[in-house]
Amino acid sequence: MLDECPVCLGTCDHVMWIQCTHCKQWFHSRCLEIADYSLGDFVSYHCNKCTDKHGPSEHKRRSKRARTAIDYVALNEGDQFALDKASHFQLPKFLQFTGEKDIAVRNDLIISNKPILVPNADCGMKLPRPRKEITIDYITDCCGPDRPVEVMDVISQQGVSPGWKLQQWRDYFETEEHHRDRLRNVISLEISDAPGLGTKFQRPKLVRELDLVDKVWDDEQDRSKVTKYCLMSVKNSFTDFHIDFGGTSVYYTIIQGCKSFLMFPPTENNLDIYTSWCLKPNQNFIWYPEHFVYRNKEKVYPTGGFKVTLQPGDLFIIPSGWIHCVHTPQDSIVIGGNYLTLRDMPMQLKIYDIERVTKVPTKFRFPMFNKVIWLSAIYYTNHRDEFKEVENGSEIINAWVHHLERHLELSKTNQTAKKSIPKSINPKQFLETLKSLKGTTAEDTM
């Protein structure tokens with residue numbers, strides 16, 4: 001295995017590595033008796049096997065020659081940097097970031113375009129048992145020890161392969177911090193069907209009222225399972241900047257530990273910069289707040305960023321489109337979930353387009369997103385009285401029509417797109433009916 005040190009065969013737990021420039025094998029620096037502080041002195045490193053063919057390793061000269069960075073975690077990308085695997089290399093910038101606080105701290109939930117924090121929240125939310133009793137052992141018992149879990153390597157921000165079972169994750173999570181071989185994170189364990197856990201957990205009342213799929217889903221397929229997730233993160237886990245799939249809003253309650261967020265609002269400039277950042281081949285090594293695009297020959301950086309830290313019992317709402325990264329200062333367990341809303345339809349469709357442009361893999365997008373959009377438009381053409389109460393109705397309809405017309409055109413050549421159009425309608429006729437809905441919105445009848 002190229003990512004296992006062949007000198008110690010995995011028995012050494014040293015955190016600093018170096019890669020042979022030619023055969024791509026990784027070695028612990030300690031196993032090679034190379035001082036950690038001198039790793040940056042190499043222009044290229046040649047292992048014993050490659051030295052015969054390519055000559056000895058090259059060291060940088062004490063001149064202006066730029067040193068070669070060596071990163072043992074970027075195996076797939078072929079990058080070479082030397083980093084401490086005890087924390088993500090962007091974490092210092094996260095901790096140093098300062099910005100004005102722009103978050104509403106309330107005693108209850110309201111509809112808002114800004115994040116909301118409710119300390120010691122109730123808000124119609126019901127936990128399956130007292131918070132202190134929702135442990136990793138309880139979660140494993142409810143979901144089953146053989147339940148597959150998607151585990152993320154924090155340093156590389158890539159999924160771990162082969163996949164893990166929940167029992168393996170529990171053993172890792174319960175291992176003392178200094179004995180963990182590297183940082184890993186679970187952020188996508190869907191628990192809605194887990195007996196005694198998801199089946200007994202009730203989402204906040206406002207979330208249940210706003211969830212668009214709950215209201216409009218009418219299809220032979222089961223609705224998407226994105227409503228109840230369990231996130232389990234060890235100390236110093238870090239998730240790089242992202243927007244939740246499909247522009248979904250998120251509710252997030254801390255069971256144990258704490259979480260810190262760095263957030264940027266979804267302004268036009270911030271989203272343009274985010275799209276540009278996602279398209280960079282070396283995106284993982286660029287700090288989003290330092291990325292920029294040119295406007296009238298001037299550099300424009302993301303604006304409006306702020307940090308917030310959540311404690312046990314806190315309920316946090318992230319509205320549609322917000323760009324954020326997450327740090328875990330302590331081992332933590334969180335229950336949260338995603339939901340689409342009617343009022344955020346224009347933003348959700350904008351984020352869908354960003355995912356398309358940046359080529360986000362299908363497995364990381366909102367399941368059956370386009371079917372939800374069709375079913376939503378159908379529902380509200382048949383329930384016009386409900387639609388009258390929507391303040392941004394015209395904007396929603398314009399976004400619907402633009403998106404569905406494009407999707408209909410795609411369905412002529414793409415079977416997946418075709419299958420997501422409900423069989424109960426003639427799509428061309430329906431789009432004409434949808435346009436007529438414009439005259440029934442609140443803003444047009446005032």
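Helices here are DSSP runs of H or I with at least four residues, strands are runs of E with at least two, and each kind is numbered from the N terminus. The model shown in every view is predicted.

**Figure 1. Overview of the fold, with 14 helices and 21 strands.** The protein has 446 residues, and buried residues make up 53% of them. Among contacts with a separation of 6 or more, 73% join residues that are 24 or more positions apart.

**Figure 2. The largest nonpolar core, with 64 residues.** Ile139, Trp169, Leu189, Met232 and Phe241 have the most contacts inside this core. A second core of 53 residues is separate from it and includes Ile103, Tyr229, Met345 and Tyr379. In soluble globular proteins, nonpolar side chains tend to be buried together.

**Figure 3. Surroundings of Met232, one of the residues with the most contacts inside the largest nonpolar core.** Neighbours within four places in sequence are left aside in this view. The contacts of Met232 then run to Ile136, Ile139, Leu166, Trp169 and Phe173, to Asn185, Val186 and Leu189, and to Ser332 and Ile333. Of these partners, Ile139, Trp169 and Leu189 are also listed among the residues with the most contacts inside the core.

**Figure 4. Helix α8, residues 345-357, and what covers it.** The helix has 13 residues and reaches 18 Å from its first C-alpha to its last, close to the 18 Å expected at 1.5 Å a residue. Its buried residues are Met345, Pro346, Met347, Gln348, Leu349, Ile351, Tyr352, Ile354 and Glu355. Met345 also belongs to the second core, the one of 53 residues. The cover over the buried residues of α8 includes α6 (212-216), α7 (268-278), α9 (369-382) and α11 (393-410). Lys359 follows α8 and has a positive phi, near 60 degrees.

**Figure 5. Helix α9, part of the cover of α8.** α9 has 14 residues, which should span 20 Å at 1.5 Å a residue; its end C-alpha atoms are 20 Å apart, so the two values agree. The helix is mostly covered, with 13 of its 14 residues buried.

**Figure 6. Aromatic pairs around Phe241.** A search of the whole structure finds 30 aromatic pairs. The ring centres of Phe241 and Trp277 are 6.3 Å apart and the planes meet at 90 degrees, so this pair is edge-to-face. Phe241 is in strand β13 (residues 238-242) and Trp277 in helix α7, and the pair links these distant parts of the chain, 36 residues apart. Phe241 and Trp277 are both buried. Phe241 also pairs with Trp287: the centres are 5.2 Å apart and the planes are at 65 degrees, so this pair is edge-to-face as well. Trp287 lies in the loop between α7 and β16 (293-295), so its pair with Phe241 of β13 ties together parts that are 46 residues apart in sequence. Trp287 is buried, as is Phe241. Ring pairs join Phe241, Trp277 and Trp287 with Phe97, Phe264, Tyr274 and Tyr288 in a cluster.

**Figure 7. Two arginines over the ring of Tyr172.** The charged end of Arg180 sits over this ring, 5.7 Å from its centre. The charged end of Arg184 sits over the ring of Tyr172 too, at 5.4 Å from the centre.

**Figure 8. Cysteines Cys123 and Cys142.** A search of the whole structure finds zero disulfides. The closest cysteine sulfur to that of Cys142 is in Cys143, 6.4 Å away, which is too far for a bond; the cut-off for a disulfide is 2.5 Å between sulfur atoms. Cys142 has 14% relative accessibility and therefore counts as buried. Cys123 is buried as well, with a relative accessible area of 18%. Cys123 lies in the loop between β6 (116-118) and α3 (136-143), and its phi is positive, about 55 degrees, although it is not a glycine.

**Figure 9. Backbone details in two loops.** The peptide bond from Ser161 to Pro162 is cis, with omega near 0 degrees. Pro162 lies in the loop between β9 (158-159) and β10 (164-165). Lys24 lies in the loop between β1 (17-19) and β2 (26-28). Phi of Lys24 is positive, near 70 degrees, in a residue other than glycine. Lys24 is partly exposed, with a relative accessible area of 36%.

How values were computed: Residues numbered from 1 in each chain as written. Predicted model: local features only at pLDDT ≥ 70, side-chain atom pairs only at ≥ 80, totals over all residues. Heavy atoms only, no water. Core = buried A, V, L, I, M, F, W, Y, C linked by side-chain atoms within 4.5 Å. Buried < 20%, exposed > 50% of the residue type's maximum accessible area, 1.4 Å probe, protein only. Contact = heavy atoms within 4.5 Å. Expected span 1.5 Å × (residues − 1). Phe/Tyr/Trp six-rings, centres within 6.5 Å; stacked < 30°, edge-to-face > 60°. Lys NZ or Arg CZ within 6 Å of the ring centre and 35° of its normal.
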